[in-house]
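Please open the model in a viewer and keep the sequence beside it. This tour proposes a series of selections and describes what each one shows.

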Amino acid sequence: MSRRKVCVVINSRANYGRIKSFMRAARNHPGLELQLIAGASALLYRYGSAIDVIRREGADVTMEEMASAGGISKPILYRHFVDRDGLVAAITGKALVEIGEILDTKLSEARSDQPPHSIRATIDAFFDYIERDPQLYRFIANPDSKRGNEVTTAFTERIAERVAD
């Protein structure tokens, strides 16, 4: 009996969690051969040491330092992130998820209050994040990063929608 190939492409670790039971069933099915393709943002967990280096060494850390911290060569890092902006965009996305979680907590605490409190909650969320992770914030807020800024702009628009609700 020939096995049918099933290819699953994910772009983030969160997406993997949503299809985990399917993946387990497909992997254990005798008639299926499973192949998983992970996009660059999913690989960020593997290269999460890049974030550790940013926190330790500062926002001006080089691609070589980030690759080295992950135990890989710079060419391997560039195979997954075409340029520094690609890595900045992925790290920015991860950082913005953390800011979003802080924001959700702050907004839920402010919901029972008057509207100005939701604006204050938004500001508090950003300051909480900046105080907790100043080097990573400097890294993602770098105005020279085109793709990081695109991710930040999209996130800012989502924040405006949350506060307006």
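A residue is called buried when its relative accessible area is under 20%, exposed when that value is over 50%, and partly exposed in between. With this cut-off, D133 is buried, because its relative accessible area is 6%. Please keep in mind throughout that the model is predicted.

**The whole chain**

Begin by displaying the protein chain as a cartoon. Its secondary structure comes to nine helices and two strands. Followed along the sequence, the elements appear in the pattern β-α-β-α-α-α-α-α-α-α-α. Of the 165 residues in the protein chain, 34% are buried. Next, switch on the surface: the accessible surface of the protein chain is about 10,300 Å², and carbon and sulfur atoms account for 51% of it. Contacts also deserve a moment of attention. Among the contacts in the protein chain with a separation of 6 or more, 67% are between residues 24 or more positions apart.

**Helix α3 and its cover**

Select residues 49-57, which form helix α3. Within this helix, S49, A50, I51, V53 and I54 are buried. Which elements cover the buried residues of α3? Add α4 (63-69), α6 (84-110) and α8 (134-140) to the selection, since they are included in that cover. Then move to G58, which follows α3 and has a positive phi, near 110 degrees.

**The nonpolar core**

Now select I54, M66, L77, L87, I91, L136 and F139. In the largest nonpolar core, which has 31 residues, these are the ones with the most contacts inside it. The elements that give two or more residues to this core are α3, α4, α6, α7, α8 and α9 (146-164). Helix α6 gives the most, with eleven residues.

Centre the view on F139. Leaving out residues up to four places away in sequence, F139 touches I54, A59, V61, M66, R84, V88 and I91.

**Salt bridges**

Show the side chains of the charged residues. The structure holds six salt bridges, and three of them are visited here.

Select D133 and R55 first. They form a salt bridge in which the closest N and O atoms are 2.7 Å apart. The pair links distant parts of the chain: D133 is in the loop between α7 and α8, R55 is in helix α3, and 78 residues separate them in sequence. Is each partner buried or partly exposed? D133 is buried, with a relative accessible area of 6%, whereas R55 is partly exposed at 36%.

Continue with E98 and R132, whose side chains meet in a salt bridge of 3.3 Å, N to O. This pair also links distant parts of the chain, with E98 in helix α6, R132 in helix α7, and their positions 34 residues apart. E98 counts as buried because its relative accessibility is 18%, which is under the 20% cut-off. Not counting residues up to four places away in sequence, E98 touches R55, Y129, R132 and D133. Displaying these contacts brings the D133 and R55 pair back into view.

Then select K106 and D128, which form a salt bridge with their closest N and O atoms 2.9 Å apart. K106 lies in helix α6 and D128 in helix α7, so the pair ties together parts that are 22 residues apart in sequence. Both partners are partly exposed: the relative accessible area is 22% for K106 and 31% for D128. Elsewhere, salt bridges that share partners join D52, R55 and D133 into one network.

**Helix α8: Y137**

Select Y137 in helix α8. At 29% relative accessibility, Y137 counts as partly exposed. Apart from its neighbours within four places in sequence, Y137 is in contact with Y129 and I130. Add F126 as well: Y137 and F126 are eleven residues apart in sequence and 9.6 Å apart in space, C-alpha to C-alpha.

**A surface patch**

Finally, return to the surface and select I119, I123 and F127. Together they form a nonpolar patch on the surface, with about 300 Å² of accessible area. F127 is in helix α7 (residues 115-132). An α-helix has 3.6 residues a turn, so residues three or four places apart point the same way. With that rule in mind, rotate the view and follow the three side chains of the patch, I119, I123 and F127.

Key. Residues are numbered from 1 along each chain as its sequence is written. This is a predicted model: local features need pLDDT of at least 70, side-chain atom pairs count only at pLDDT 80 or more; totals for chains, interfaces and linings use all residues. Side-chain values use heavy atoms; hydrogens and water are left out. Patches are made of residues with over 30% relative accessible area and no salt bridge: like charges are joined within 9 Å, nonpolar side chains (Val, Leu, Ile, Met, Phe, Trp, Tyr) within 5 Å. Accessible areas come from the Shrake-Rupley method with a 1.4 Å probe; for residues, only the protein chains shown count as cover. A salt bridge is a side-chain nitrogen of Lys or Arg within 4 Å of a carboxyl oxygen of Asp or Glu. Helices (H or I, at least four residues) and strands (E, at least two) are DSSP runs, numbered from the N terminus. Buried means under 20% relative accessible area, exposed over 50%, partly exposed in between (1.4 Å probe, protein chains only). Contact means heavy atoms within 4.5 Å. A nonpolar core is a set of buried Ala, Val, Leu, Ile, Met, Phe, Trp, Tyr and Cys residues joined through side-chain atoms within 4.5 Å.
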